[in-house]
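Q: Got a minute to go through this structure with me? I'd like the pockets and then the fold.

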Amino acid sequence: MRVSVLPTADAVAAAAAAIVIDVIGANRSPVLGLPTGRTPVGLYARLREARLDWSRVRTFNLDEFAGLTAGDPGSFRHYMDQHLFSLVDLPAAQIGFLRGDAADAVAECERYDQAIAAAGGLDLLVCGLGANGHLGFNEPGPLLWGPTHVATLHPQTRAANAALFGGDVAAVPARALTIGMTAILRARRVLLLATGPSKAAAVAAMASGPLTTTLPASWLQVHEAVEVLLDPAAAAALTPAAVGR
Ligand code: GLP
């Protein structure tokens with residue numbers, strides 16, 4: 001895990017965009033795993049501005065709220081349309097997304113794993129970090145799942161996502177579909193972004209704590225190509241030895 005601390009959240013976005021642009025340029029048919037949340041907003045702004053050739057790119061988003069249609073303003077698909085998809089020339093057929101409103105959520109999860117496999121796996125997985133150490137919606141608990149699955153969201157996670165629902169925590173769906181730890185750990189390269197003080201404890205545990213299902217991101221320690229980009233606030237609890245590894 002190579003950990004870099006950059007001067008500002010904007011510098012994190014710029015460095016992340018440079019890596020994504022590099023991966024798009026270096027692969028004949030790049031396959032990206034993409035996150036939602038506040039953290040990647042600056043990254044998407046820079047990718048829009050970069051005027052990239054998206055014609056060869058395939059994307060798979062990490063997760064989606066259960067029960068929501070793609071057009072629901074609280075859905076992650078709506079977020080992605082707003083921040084990236086409707087603003088760049090990425091062919092719709094090359095956008096992979098979990099359908100929150102699928103009648104059979106289990107079948108939908110299986111379809112997604114098959115689609116990622118058929119695309120050749122993820123060349124680059126970009127992800128944020130939950131303040132409780134979650135990746136996608138792989139939540140802390142007594143166990144983690146490998147495949148894409150339906151997850152029950154922690155109250156803390158629902159609260160963290162309330163802004164998408166007008167600040168109403170009760171309106172945040174209780175469950176979500178998410179890629180599992182297998183797709184995350186099989187990505188050829190992982191780029192994790194974390195900014196702000198609310199992430200500091202999870203960042204330190206991810207980088208230096210034991211591997212534990214109670215902090216899903218700790219499992220990234222076993223992956224050989226993980227880059228972590230932090231602003232100083234998110235890096236505040238790291239030991240100096242953890243930086244630059
Ligand atoms: C959300 C998403 C994650 C995201 C994380 C952090 O609940 N499921 O994919 O990385 O929480 O979000 P934010 O960047 O808003 O802090």
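Q: Start with the second largest pocket. How do the residues of its lining divide into nonpolar, polar and charged?
A: This is a predicted model, to begin with. The lining of the second largest pocket divides into six nonpolar, five polar and three charged residues.

Q: Which residues lie nearest its centre?
A: D113, I116, T182, A183 and R186 lie nearest the centre of the second largest pocket. The lining has 14 residues.

Q: And which helices supply at least two residues of that lining?
A: α4, residues 105-118, and α6, residues 181-186, each do.

Q: What volume are we talking about for that second largest pocket?
A: About 230 Å³ of space.

Q: OK, over to the largest pocket. How much space lies in it?
A: About 650 Å³. It is lined by 28 residues, and G37, R38, A160, N161 and K199 are the closest to its centre.

Q: Which elements give two or more residues to that lining?
A: Those are α3 (76-83) and α5 (155-160). The largest share comes from α5, with three residues.

Q: What's the split there into nonpolar, polar and charged?
A: The lining of the largest pocket has twelve nonpolar residues, 13 polar and three charged.

Q: Now the fold. How many helices and strands does the protein have?
A: Seven helices and ten strands.

Q: How are the strands ordered in the open sheet of seven?
A: The order is β1-β10-β9-β6-β2-β3-β5, and the pairing is parallel. β1 (2-5) and β5 (95-96) stand at the edges.

Q: Why is one side of each of those two left without a neighbour in the sheet?
A: Because β1 and β5 each have a single partner strand.

Q: Zoom in on β1. How many bridges join it to β10?
A: Four bridges join β1 to β10, residues 226-230, and the two run parallel. Within that pair, R2 stands opposite E227 in β10.

Q: Which strands does helix α1 touch on that sheet?
A: α1, residues 9-26, packs on the sheet and touches β2 (31-34), β6 (124-127), β9 (190-194) and β10. The direction of α1 makes about 150 degrees with that of β10.

Q: There's also an open sheet of three strands. What's its order, and is the pairing parallel or antiparallel?
A: The order is β4-β8-β7, with antiparallel pairing. β4 (63-65) and β7 (149-152) are the edge strands, and each pairs on one side only. From one strand to the next, the twist averages 30 degrees.

Q: How many bridges join β7 to β8?
A: Four, and these strands run antiparallel. β8 covers residues 175-178. A151 stands opposite A176 in β8.

Q: Last topic, overall dimensions. What does the C-alpha trace span along its principal axes?
A: About 45 × 40 × 35 Å.

Q: And what radius of gyration does the protein have, next to that of a compact globule?
A: The protein has 17 Å. A compact globule of 245 residues would have a value near 18 Å, so the two agree.

How values were computed. Residues numbered from 1 in each chain as written. Predicted model: local features only at pLDDT ≥ 70, side-chain atom pairs only at ≥ 80, totals over all residues. Heavy atoms only, no water. 1 Å grid on protein atoms, 1.4 Å probe; cavity = no way out; pocket = protein on both sides within 12 Å on 5 of 7 lines; lining within 4 Å. Points joined across faces, edges and corners; volume = space filled by probe spheres on them. Nonpolar A, V, L, I, M, F, W, Y, C, P; charged D, E, K, R; others polar. Pairing = 2+ DSSP bridges. Contact = heavy atoms within 4.5 Å. Axes fitted to C-alpha atoms, helices over the stretch in contact; angles between N-to-C directions. Rg over C-alpha atoms; globule rule 2.2 N^0.38 Å.
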